[in-house]
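Visitor: I am new to this model. Please pick a single part, look at it closely, and tell me what packs around it.

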Amino acid sequence: MSVNSVPHRPAVSRPRRVLVVEDEAIIALELAYTLEEAGYEVVGPAMSIARALALIEASQPDAAVLDVNVRSEKITKVARKLRSLGVPFVLTSAYGPAGIPADPAFDQTVNIGKPTDRHRLLAALDEMPVPDPLPPQPEAD
């Protein structure tokens, strides 16, 4: 059994249903596979902002893994929605800090980078703090 195939068991108090928002199909499938192999239930993957927002409403995920730029649209609306619900998330972005939108929704958020590896992804989920919910904010891009 290789190191990458060692089962990962999420802690009981950690998220179980994880929304994946990623517009690159191969990366989305790789993230979903890694999460499922580790015992998480994957919501999505969503390959658009509209689909991500619909999945949040329909599925009520416990956590999320978000790309910053989805089909040339920033993930800000999704991040705001998740934060308003108190749902923690991590970013998987090749952008450095300057590429992350300057919005309170991204406060307390970790960017695990892209490409990311299995261990970094699962560690981020295990260590993910539950953020304080944001108060409702006007819709602005």
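Guide: Here is a close look at helix H3, after a few words on the whole chain.

This is a predicted model, in which local features need pLDDT of at least 70 and side-chain atom pairs count only at pLDDT 80 or more, while totals for chains, interfaces and linings use all residues. Residues are numbered from 1 along each chain as its sequence is written, and side-chain values use heavy atoms, with hydrogens and water left out.

The chain has four helices and seven strands. Helices (H or I, at least four residues) and strands (E, at least two) are DSSP runs, numbered from the N terminus. Their order from that end is β-α-β-α-β-β-β-α-β-β-α. The chain has 141 residues, and 45% of them count as buried. Buried means under 20% relative accessible area, exposed over 50%, and partly exposed in between, with a 1.4 Å probe and protein chains only.

Now the helix itself. H3 covers residues 76-84. Its buried residues are Thr-76, Val-78, Ala-79, Arg-80, Leu-82 and Arg-83. What do they pack against? Their partners are helix H2 and three strands: E3 (63-66), E5 (73-74) and E6 (89-91).

Take H2 (residues 49-59) next. Two packed helices are described by the angle between their axes and the distance between the axes. For H2 and H3, the angle is about 15° and the axes lie 9 Å apart. Axes here are lines fitted to C-alpha atoms, for helices over the stretch in contact, and angles run from 0 to 180 degrees between N-to-C directions. H2 and H3 are therefore roughly parallel. That term covers angles under 35 degrees; over 145 is roughly antiparallel, 65 to 115 roughly perpendicular, and the rest oblique. The crossing of H2 and H3 is left-handed: the near helix is turned anticlockwise from the far one by less than a right angle.

Which residues meet? H2 brings Ile-49, Ala-52, Leu-53, Ile-56 and Glu-57. H3 brings Lys-77, Val-78, Lys-81 and Leu-82. By class, this contact has six nonpolar, no polar and three charged residues. Nonpolar means Ala, Val, Leu, Ile, Met, Phe, Trp, Tyr, Cys and Pro; charged means Asp, Glu, Lys and Arg; the others, Gly among them, are polar. Contact means heavy atoms within 4.5 Å.

One last stop. Just after H3, Gly-86 takes a positive phi of about 75°.
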